[in-house]
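User: Got a minute to go through this one with me? Start with the surface terms, please.

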Amino acid sequence: MPSFSRYAGIYSALIRYSLIHEMQFKVNFLLWIVVEALWFGLQLAFMTVLYGHTDQIAGWSRWEVVLLVGCNQFIQQLFHTLFVTNLSNLSELIRKGTLDLLLLQPVNTRFLISVKKFEIGNIVNALMGLVVIAYALAQLGRVPTPAQWLGFVVVCLAGLSVHYSLMFLLACISFWTVRAQGIVWGYYNLFNIARLPAEAFPRGAYRAVFTWVLPMLLVSNVPAKLLAQRLASPWEWLALLGMAAACFVVSELFWRFSLRHYTSASA
Amino acid sequence: MTPVSTDPIPATPSTGLWSKYVHVLSVGIQNTLVYRTNFLFRAAFGLVPLAATLFLWEAIYADKPTGTAIGAYTLAQMVSYYLLVTVVDAFTAVAEDDWQIAADIKDGAVSQFLLKPLDFLAYRLCLYLSGRVIYTSAALIPVAVFLFFQRENLVGPAEPWGWILAPLSVLMAGLLQFLIAYTVALLSFWVLDVSTFIFIQFAFEFLASGHLFPLDILPDGLHRLLLWSPYPYLLYFPVGVYLGRIQGADLWQGFALQSAWVAAAFLIARFVWSRGLRKYTAVGG
């Protein structure tokens with residue numbers, strides 16, 4: 001597949017460029033790792049305080065919730081590494097007219113927009129998530145089989161794809177309103193609920209919306225349940241895979257629709 | 001990005017010390033109106049994690065016998081704590097101010113304040129106040145709808161004097177919040193990208209101000225220790241005063257500490273500003 005190797009070549013060049021750029025500001029690079037680690041610590045501290053007053057939340061024990069927070073951190077930080085900076089930059093590309101330049105490149109534009117900058121520092125934070133996952137599994141005394149680890153990788157990729165598609169969709173609103181930054185940043189608030197046990201939400205509109213429209217209650221819950229060996233039925237991970245595919249298709253359709261409405265801002 | 005800071009201040013014949021700041025306030029309000037839809041979205045999106053937190057607490061209380069208290073909170077009291085945190089936060093949170101101040105320093109816009117009879121801190125405080133006026137009015141709609149659905153948990157002040165003391169402590173909380181953000185943003189005199197410092201400061205604030213959970217569900221020693229830091233006086237204290245949870249000696253000690261922290265933050269802000277100016281090289285302007 002010449003096209004695949006061509007894109008792999010472009011991507012590795014982009015990664016190399018991002019690395020060189022990042023290393024110009026070493027202190028800043030380290031400080032961002034500290035920032036993300038602090039917020040991760042904050043989430044764990046919150047759960048510790050809660051479990052100081054209760055033994056279980058909606059059937060989840062303390063270490064199962066820690067596992068969930070770890071899974072959420074892992075997926076979210078991978079999302080940061082690959083996409084967040086790029087997607088929040090889309091409104092700027094449109095506002096300044098820089099998008100013209102990207103549209104004229106002989107490469108898929110959505111690819112270029114999505115992966116231009118690679119945030120190497122967030123990989124460190126994703127690894128912290130993995131460490132917490134491993135520690136929580138040890139506390140729970142559960143040892144996942146190789147097949148379960150493989151399944152974990154698949155559902156994590158599906159969760160990553162959900163985050164990517166939804167944020168891309170939101171970012172495309174910038175084609176109509178210039179100041180869409182607020183909408184894009186609003187996605188951060190949605191992130192926050194992904195690290196909570198889905199069972200804590202009563203069956204109703206809230207839980208339905210965040211499972212079947214914006215599947216935040218699937219992206220981290222399914223991987224955590226898979227590792228903790230508490231998936232009730234295969235429908236849970238099938239739901240995540242299905243929603244990931246659906247979100248991607250909708251975002252691609254919306255992207256094509258948006259492009260047709262693009263009027264350049266530059267001369 | 002910052003229509004406010006790049007705008008030169010029109011030279012109006014000012015009659016007194018206050019009129020020019022009143023003018024800044026009104027220009028600030030007009031400029032911030034641009035962001036009203038942004039603010040509306042921000043406030044509406046902000047309710048999603050709030051609702052999630054309330055569901056989480058309901059799930060915790062659901063497994064216990066009805067009427068059980070965690071710390072000293074029944075479920076209804078816990079919910080009303082979070083509702084009031086949301087309200088106080090809408091009144092006092094900094095929105096774009098810290099980033100704008102950092103940008104003012106980076107692109108040299110502060111130079112004009114060195115030449116004009118206008119104090120930068122007072123100028124930014126006016127813009128903060130105008131931002132709060134617009135934010136609070138934009139947030140009013142989504143927050144009011146949310147509060148309506150939770151109305152059985154929304155209580156008035158426990159004591160009549162709460163109507164006076166609570167707004168007073170919210171006012172001081174706003175001042176303290178502004179001064180902290182202002183001082184952190186002034187670090188732009190020394191560092192290239194101040195956003196890491198803003199986020200680190202915010203992480204501590206998020207935990208120690210009582211935003212995540214009421215501080216008195218923590219072990220008593222830790223709770224007492226935190227009360228000596230400035231953060232509880234941003235949210236936990238004003239909310240506690242309103243709910244009548246902080247009383248007697250604790251109340252007066254709290255107000256003393258809150259005022260002390262406002263005064264200290266003001267002096268630190270002044271000090272950092274004067275040191276920063278020595279480092280300042282006007283780029284552009």
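Analyst: Sure. Accessible areas here come from the Shrake-Rupley method with a 1.4 Å probe, and for residues only the protein chains shown count as cover. Chain A exposes about 12,100 Å², with carbon and sulfur atoms supplying 70% of it.

User: And where does the model come from?

Analyst: It's a predicted model: local features need pLDDT of at least 70, side-chain atom pairs count only at pLDDT 80 or more, and totals for chains, interfaces and linings use all residues. Residues are numbered from 1 along each chain as its sequence is written, chains are lettered from A and ligands numbered from 1 in the order in which they are written, and side-chain values use heavy atoms, leaving out hydrogens and water.

User: How many salt bridges over all chains?

Analyst: The count is 14, taking a side-chain nitrogen of Lys or Arg within 4 Å of a carboxyl oxygen of Asp or Glu.

User: Which residue does E64(A) pair with?

Analyst: R230(A), with the closest N and O atoms 2.9 Å apart. E64(A) is buried at 9% relative accessible area, while R230(A) is partly exposed at 25%. Buried means under 20%, exposed over 50%, partly exposed in between (1.4 Å probe, protein chains only).

User: Switching to chain B, is D104(B) buried or exposed?

Analyst: D104(B) is buried, at 1%. Its salt-bridge partner is R124(B), 3.1 Å away between the closest N and O atoms, and R124(B) is buried too, at 0%.

User: What about R270(B)?

Analyst: R270(B) meets D119(B) in a salt bridge at 3.2 Å, N to O. R270(B) is partly exposed at 29%, and D119(B) is partly exposed at 25%.
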